[in-house]
Amino acid sequence: MEGLIRFFHLTKDYPVRFIDEYGVERWVPNQDGFSVTGIRRQNFSKFHINDFGFNSYREFKPSLEKTEIALLGNSFIEGFHQDYYNSLGKKIETNLPEVEVYEFGYAGYDMADLLHLIYKYQSTFDLVDYVFLGLKFEQELTRGEYGVIQGRMKLESPLYKNLRKIKLLVYLQKNGAFDTARRFTNKILTLGNRDNAKIKSEDYIATEKKFLQHIKNFESLIAIYGFDKKRYVLLIDKGKTPKMFINYLENKNFQYVDFSKALSQSKKPTTLIYDRHWNNQGRNIVASVIVNYVKTKIKPD
């Protein structure tokens with residue numbers, strides 16, 4: 001079984017991550033591999049980690065003479081679900097041949113990660129003309145200051161690294177072979193905490209208050225790391241973003257681009273079958289939304 005899984009490449013490769021000297025979590029530069037989605041390799045794509053530590057078809061070399069776009073965000077921007085040479089950034093470049101696109105995507109990044117990254121590499125981002133920051137409001141504004149998430153770095157421990165070398169184990173884990181045992185174990189471990197769970201449920205913060213806290217976190221992050229309203233643009237799904245936050249952005253003159261309407265109008269599926277990330281159709285649409293926005297900003301010669 002181990003040999004068959006390796007021969008047919010039925011499970012994904014794991015690039016190595018690290019924390020750099022500025023406290024930024026990213027991939028170790030210059031790695032290549034394949035990402036696999038689905039039980040029977042329904043989605044198979046190649047990734048390439050560049051010199052900066054992000055999945056991209058190009059190196060990041062901004063200058064004052066060129067026009068550059070930076071895309072920052074989580075796994076949707078990271079793009080392991082699409083061949084790196086056919087990425088979201090590449091699609092944008094195809095429609096804006098005079099522009100270079102730099103993709104700073106990393107699975108698990110939230111707004112604190114993004115603004116901290118820009119803050120620590122300010123000299124690089126100061127040369128970029130347009131910076132798009134992907135944002136899922138409910139998931140990515142849960143903290144008001146950056147800090148390394150140690151849970152992700154545990155994946156680089158010797159134990160996890162050695163376990164990942166067993167492709168059969170990785171294949172079984174990724175396809176749910178251990179889910180029943182995990183749920184059973186969690187149930188046993190929480191038997192004595194039912195009263196606490198009930199208390200937590202009763203004390204759960206109302207949705208409106210939670211959203212207000214997310215906005216406060218956003219304000220805190222901006223106060224710490226800054227936010228250039230002239231060059232920074234939030235990339236959001238307006239259909240999944242509270243009206244409260246949309247009003248806030250508009251009242252405070254933050255720029256944003258909404259891709260939800262364009263995706264909903266597609267006659268073809270825009271996500272993968274066994275994964276909710278954008279498929280090629282979805283990436284084409286999101287790329288076109290960004291291209292149309294940039295075209296309104298670029299002054300004709």
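Me: Starting with Tyr85, what's its relative accessible area?
Reply: Tyr85 comes out at 47%, so the residue is partly exposed. Buried means under 20% relative accessible area, exposed means over 50%, and partly exposed is in between, using a 1.4 Å probe and protein chains only.

Me: What sort of model are we looking at?
Reply: This is a predicted model, in which local features need pLDDT of at least 70 and side-chain atom pairs count only at pLDDT 80 or more, while totals for chains, interfaces and linings use all residues. Residues are numbered from 1 along each chain as its sequence is written, and side-chain values use heavy atoms, with hydrogens and water left out.

Me: OK, how many aromatic pairs are there?
Reply: The structure holds 30 of them. Rings of Phe, Tyr and Trp (its six-membered ring) pair if their centres lie within 6.5 Å; planes under 30 degrees apart are stacked, over 60 edge-to-face, and the rest tilted.

Me: What does the pair of Tyr84 and Tyr85 look like?
Reply: Tyr84 and Tyr85 meet edge-to-face, 5.3 Å centre to centre with 75° between the planes. Tyr84 is buried, at 18% relative accessible area.

Me: And how are the rings of Phe137 and Phe245 arranged?
Reply: Their centres are 4.7 Å apart and the planes are at 40°, so that pair is tilted. The pair links distant parts of the chain, 108 residues apart: Phe137 is in helix α6 (residues 137-140) and Phe245 in helix α13 (residues 243-251). Helices (H or I, at least four residues) and strands (E, at least two) are DSSP runs numbered from the N terminus.

Me: Buried or exposed, those two Phe residues?
Reply: Phe137 is buried at 2%, and Phe245 is buried at 0%.

Me: Switching topic, what does strand β4 pair with?
Reply: Strand β3 (residues 31-37) is joined to β4 by 7 bridges, and the two run antiparallel. Strands pair if DSSP finds at least two bridges between them. Gly33 has Phe47 in β4 as its bridge partner. Strand β4 (residues 43-49) has 5 of its 7 residues buried, so it is largely enclosed by the rest of the structure.

Me: Which residues touch the most other members in the largest nonpolar core?
Reply: Phe104, Met111, Leu133, Phe218 and Leu234 do, out of 45 residues. A nonpolar core is a set of buried Ala, Val, Leu, Ile, Met, Phe, Trp, Tyr and Cys residues joined through side-chain atoms within 4.5 Å.
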